[in-house]
Amino acid sequence: RLSTVDLEEDIDPVRSRPKEIPHNEKLLSLKYESLDYDNSENQLFLEEERRMSHMGFRCLEISRWVICGLIGVFTGLIACFIDIVVEKLAGVKYSVVKKNIEMFTEVGGLSISLLLWVVLNSAFVMVGAIIVTCFEPIAAGSGIPQIKCYLNGVKVPRVVRLKTLVVKVCGVICSVAGGLAVGKEGPMIHSGAVVAAGVSQGRSTSLKKDFKIFEYFRRDTEKRDFVSAGAAAGVSAAFGAPVGGVLFSLEEGASFWNQMLTWRIFFASMISTFTLNLVLSVYHNKTTELSSPGLINFGTFDLECVQYSLYEIPLFICMGAIGGLLGALFNLLNYWLTIFRIRYVHRPCLQVMEAMMVAAVTASVSFAMIYLSNDCKPLKMDNSEEYPLQVAQWLSERWSGNSAARQFVYSWVRVGQGGASPSLVFGVVSAFQLFCADGEYNAMATTFFNTPERSVRSLFHNPRGTYNLLTLGFFTLTYFFLACWTYGLMVSAGVFIPSLLIGAAWGRLFGVLLPNKTFIKPIWADPGKYALMGAAAQLGGIVRMTLSLTVILVEATGNVTYGFPIMLVLMTAKIVGDYFIEGLYDIHIKLQSVPFLHWEAPATSHWLTAREVMSSPVTCFNQLEKVGTIMDFLSNTATNHNGFPVIVQATFGMTCLFLLCGLILRSQLIVLLKHKVFVERAHSRLHQRKLQLKDFRDAYPRFPPIQSIHVSQDERECMMDLSEFMNPTPYTVPQETSLPRVFKLFRALGLRHLVVVDDVNKVVGLVTRKDLARYHMGKHGLEELHLAQM
Amino acid sequence: MGVFVNYACLFRLLLWANALTFITAVNIASDATELSGDRALNRPSSFISVPHAFQPDSFRQFLTLGLSDAFPEDMEGTENCLELLSIFGQRYVTLANCLVSYARPVKVCQNCYTDYNNFENIYKNISSDQSGPGNVSCQDSLLWSDRLMLLPSLYSGLRDIWESAACTNCLTAYQMNLSNETLNFLAKLNQSLICFDKYQQGNHSELCKKCKTAYKQLDELYSKMEGNKTLCIDIEDAMNMTRQLWSKNCSSPRKEMVPVIAVSSFMLFLPIIFYLSNYLHSEQKKRKLIHPKRAKSSHSLMNIQDKFS
C-alpha cells in the first residue's frame, strides 16, 4: 500500500556510518524546522470560511488591531520594569562601592573595595547566568538572531515561550546590574516578540490558561505577523524609535508585507513607546511631561551644534571606514571565541563560571583604570541644585560665544528632564571624585563607573575638554575587548549599547584630535557630533543593519539633520566590513546551524535544478491509508519528516500510476490519530462530532509527540481518509526548475514543502528549507553544508 | 503754549511721514516723498534721544518737558511715573555696582540682598496695576509702550542672575537676612581659612595635620547643605576655593599601587587558566553528520530519458 518512488537504494557502507566532526559554521542542524506560513486550504477551512459571516471578518480585523495595541502596552510595561529595576539595583551597587572606596581612600586598603566590587558584580552575573543556563538557554544573548530566524520562517524551539520571556527579563536585569559590558536594548526586541506571540494566542500553554479569545489566530501565519509587530514594538521601546522599529521588522523579516500590516505594526510601535513614556513619567513624578520615549535616551543635540559642513562629509566617510574595520575585527574575534565556546565550554557549570569570571575581570579592569587615571577635571558647576529650565536656557544664551559651556548646560538640562533623577545623571560630571583632589572629579570614572547608557550620553554631550586623549584611548581599547569577550556568554544581554559606547569613545577621540592636527575652525570639531558618528559607524560595522539603524539613530537623537551623515557612515561601515566578514548576528545564526534563507539564492547556482536539490525518495501516503502504516512512519525516529504528499491511484489504460493529489502535515496526522478519525468508526458511530479546524488550533503550537498516542491492534487495521484534511493544492515544480526559481518560491510564499513532480504529476521528490539552505557561497565558489544531529 | 502746538504739529508730521515711508516701501519711490520722509524722521530722533550722562535731575526735566509736551492732558500721571522711573534707575545702578564689586571671589548673595530687594520692590511698584493720581497706570506707559521694553529686560537680566546664583537658598524668608545655616557655614569657613593662614609659612604637613579637623567639619557641613539644597553661589565658590587650597597642600598620594595592581592582574590571570584548562581537559563537542536521501541524479535521469526516447 505504501508507495515510494522506486529508485535503487545502494547505500555505500562508508556513508551509512555516522561521521563525527567538531562543530563548525558549515553545518545545518536538524532541530530547526520551518513555520507553516502557507495556509492549508482543505475542506475544513473552506467550510469554516463559508460559515463565517461578513461581520465575523470585520471582528477579526478589529481584534488584530486590539492585539497590536496590547502588544504595544505590554512591551512598554516590560521595558519600564527593566529600566526601573536596573536603575535601582545599579544605583544601590554604585553607592555601596563608592562609599566603600571613599572610606578606604582615607585609611588604606583599597584592594578590599576592589574585591567588594568584583564580588558584587559576580554575584549579580551568577544569578543571571544560572537562570539562563538552567532554565532556558535560548534566552542567552541578545535574542535578535533568534528573532531574525523566526521572522525568516524558522521555528526556533522555545523561542517565543513565556518562560523564555521571564528568564530573559530577569537575566537582563542581572547582567546590566552586574556591570557587564552589555545593553538591555537587544533583549527588548526578543521580549516584544514573545509578548506578541503570547498575546495573539489568547492563552498560555505554560500556565495552562486559555482565555478562549483570539482563537482564529492560532496558526503560524498569523502568529508570525504578530511577532513582527512585537519585534517592532521592542525596538521602539528600546530606542524610542517607532519608525525605526517598523523598519527593523521590515528589514529582518519582510517577505510578506502589505500596507495594512505595516500600519498595524506602526500602531503597535507607537503604543509601546507611548506606554513607556507615560509610565516612566509617572514614575519620575512628571506625569505631564512625556520626555522619555525609549530605554536609552541619547538626548537631543543642541540645535546650534547640529550643523555639519560640507567639508566634514569626507571625515564622516573616513569614520565609517574605521567603524567597518573595527566592526570586522570585533566580529572576527567574537567568531573565534564563539567557536571555542561551542566546542569546549558547553557544560552549564563552566558557562556560569565563565560569565562570573568576565564580570570579575570587567570590574577589576575598570577599577584599575580609574585608579591609575590621572585625568582629574575641576568641577564646573555644582550638581546638587536642580535649576529650573529657564535658568539654564538663560545661561546658555548668555554664553552663546562659548559653545562648550552652552552645550554643557543644554545637555545637563535635557538629562535633568530626561526622567532619570538629576543627581544620578549629572553625577557623571561631578559625583565621582574618587581618587582626585577635592573639588575635582575623575574623568575615567565617569565612563567606567556608570551604566553604559549614561556613559554614552556623557560622551555625546559633555563639552570639549571633559575627557583627555589618554582616557578615551584606554577606554576604547579596554571596552572593545571586554564587549567582544562578553557577547556570546550565557547571559541575556545585547550588543547595541557596548557598540555605541566603543564607537562614541573613539569618535570623540577622533573629534578631539582633529583641531590639533588640522586648522579647522574649532566650532566644527564639536566632539559630541563625532562621538555620535563614531557610535553609528561602530554599530553599523558590527551588526551591519542599514535602513532601520539609520532611522533608529535619527529617531533616538531626535535629529533629522544628521540623517544624511549617519546614512553615509553606515553605508561605508557596511561596505568595508562586508569585505572582511559578515555581520555579528549572521555569524551567530550560522554558528547555530540554522537553515536561514537569505534574500537571494547564491549567485552562480542556476545550473542546479530541483532534481539535484530535492530529497528523494519521498514517503507518501495514499488518500485512503491504513492507520498502522501511518503510525509506523510517524514513530520512526530515523525519519523526521513533516510533510507527506498524498497520492491517489490512477489508471491510464494498462498502466497504473500513483499521482499527487495533496499534502498533509505531521501535525495534522497526529491530531487525526488522537481523535481517532477512522473510516470504520465514522460508519459505526454516526453521531460522532465532526472534526473541525478548531481541534487543530487547540493542539497548536505544541502538538503531542507520536509516542503519546496509543492505537490498539484493532485500530491499526482501520483506514483513514485524508482527503478532507490534506491541502489539496500544494505547490509543485517540475524537475528541471532551477534552484533560484525554487528559492524565490520559498522566500516569497513562505513555503515549507515544495513537491517536485514529473510531467504526469507523479511525485519525484520534496524540497524543504534545509535542502535550499545548504547551498551557500564560500571562498571557493558554491559550497554545500552538512546536515548534523545536535 | 505755542511751543506745545509746535510739537504737536511735529508729532502729526511724524505719523504722516511714517505712513509715507510705508507707501514708498510699497510703491515706487519718488524723490519728493523720500526727502520729506527723511526730514521728518530725522527730527523725532533728536527729539527722543536719551541723554548720555546719567544725571537724574536733568534727565527727568528733559523727559518731563518732552512727554508732557506731547500729551498735555496726562501731565499729573506722567509726573508720578517719572518719579518711579528715576528711582528705578538709581536702584539699578546701586545693585549693579554691588554685584560687580563682589563678583570675584563671589560674595554676591551676602552683600547685595538688600539692594536686590529694593530693586525688586521698585519694579513691582511700577508693574503693579495701581493707577496713580490722574488715573494712569505706569505699567503701560513705562514698561510696554515701545518696542525696546528696556525696563523689563533690565529687570529680567538682573533677576536671572540672582536666580541662577540661587541666593534665596542662603537667605531667610523674604530675603530679609542671611539664614542661620549660611552664617554657620561662613563662621566655619573663616575658622578654616584662619588656620590655613596660620600654617601657610611653615611645613605643609603641619598645616594638613592641624587644619584637618576644621577642614573636615567644613566639608561635612557642606555635604549636609548639599543634601538640604541650601547652597548658593557664595558658599559653592568659597568651598571650591577652599578645597583647591587644601588639595594643593595636602593631596594624598596613591600609595596602594601594588595591591591594586596585584589583585587586578590576578583577576586577569584567571581567564587564561580557565580557557586553557577547558581546552585541555574538556571534551570537544562533536556533531554527528547525517546524510540525507538524495536522488542519484545521473541514474534516474538516464532511466527517465531512456523511457521517453
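The following questions and answers concern chain A of a predicted model.

Reader: Which residues of chain A does UniProt list for "domain: CBS"?

Author: The assignment comes from an unreviewed UniProt entry. Over the stretch in question the chain is 27% helix and 37% strand, with the end C-alpha atoms 33 Å apart. The record gives this stretch of chain A as residues 726–784.

Reader: Why do the buried residues of helix 30 of chain A lie on the same side of the helix?

Author: Helix 30 spans residues 739–749 of chain A, and its buried residues are Leu739(A), Val742(A), Phe743(A) and Phe746(A). They are on the same side of helix 30 of chain A because the arc they cover around the axis is only 100°.

Reader: Which strands are among the elements that cover the buried residues of helix 30 of chain A?

Author: The cover includes two helices of chain A, helix 24 (610–613) and helix 31 (769–773). The strands that contribute to this cover include strand 14 (732–734), strand 15 (753–757), strand 16 (763–768) and strand 17 (775–778) of chain A.

Reader: In what order do the 3 strands of the open sheet in chain A lie?

Author: The pairing in this open sheet is mixed, and its edge strands, each of which pairs on one side only, are strand 14 and strand 16 of chain A. The twist from one strand to the next averages 30°. The order of the strands in chain A is 14-15-16.

Reader: Which residue of strand 15 of chain A stands opposite Pro734(A)?

Author: Strand 14 and strand 15 of chain A run parallel and are joined by 3 bridges. Opposite Pro734(A), in strand 15 of chain A, stands Val757(A).

Reader: What is omega for the cis peptide bond that joins Tyr700(A) and Pro701(A)?

Author: Pro701(A) belongs to the loop that runs between helix 28 (693–699) and helix 29 (713–716) of chain A. For the cis bond between Tyr700(A) and Pro701(A), omega is about -5°.

Reader: Is Lys212(A), with its 7 C-beta neighbours inside 10 Å, buried or exposed?

Author: Lys212(A), which has a positive phi near 60° although it is not a glycine, sits in the loop between strand 6 (209–210) and helix 8 (220–239) of chain A. A residue with 12 or fewer other C-beta atoms within 10 Å is classed as exposed. Lys212(A) has 7 such neighbours inside 10 Å and therefore counts as exposed.

Conventions: Residues numbered from 1 in each chain as written. Chains lettered and ligands numbered in written order. Predicted model: local features only at pLDDT ≥ 70, side-chain atom pairs only at ≥ 80, totals over all residues. UniProt positions renumbered as here; feature names shortened; annotations may be inferred. Helix = DSSP H or I, 4+ residues; strand = E, 2+ residues; numbered from the N terminus. Buried ≥ 20, exposed ≤ 12 C-beta atoms within 10 Å, placed from the backbone. Arc of directions from axis to C-beta. Contact = placed C-beta atoms within 7 Å. Pairing = 2+ DSSP bridges. Axes fitted to C-alpha atoms, helices over the stretch in contact; angles between N-to-C directions.
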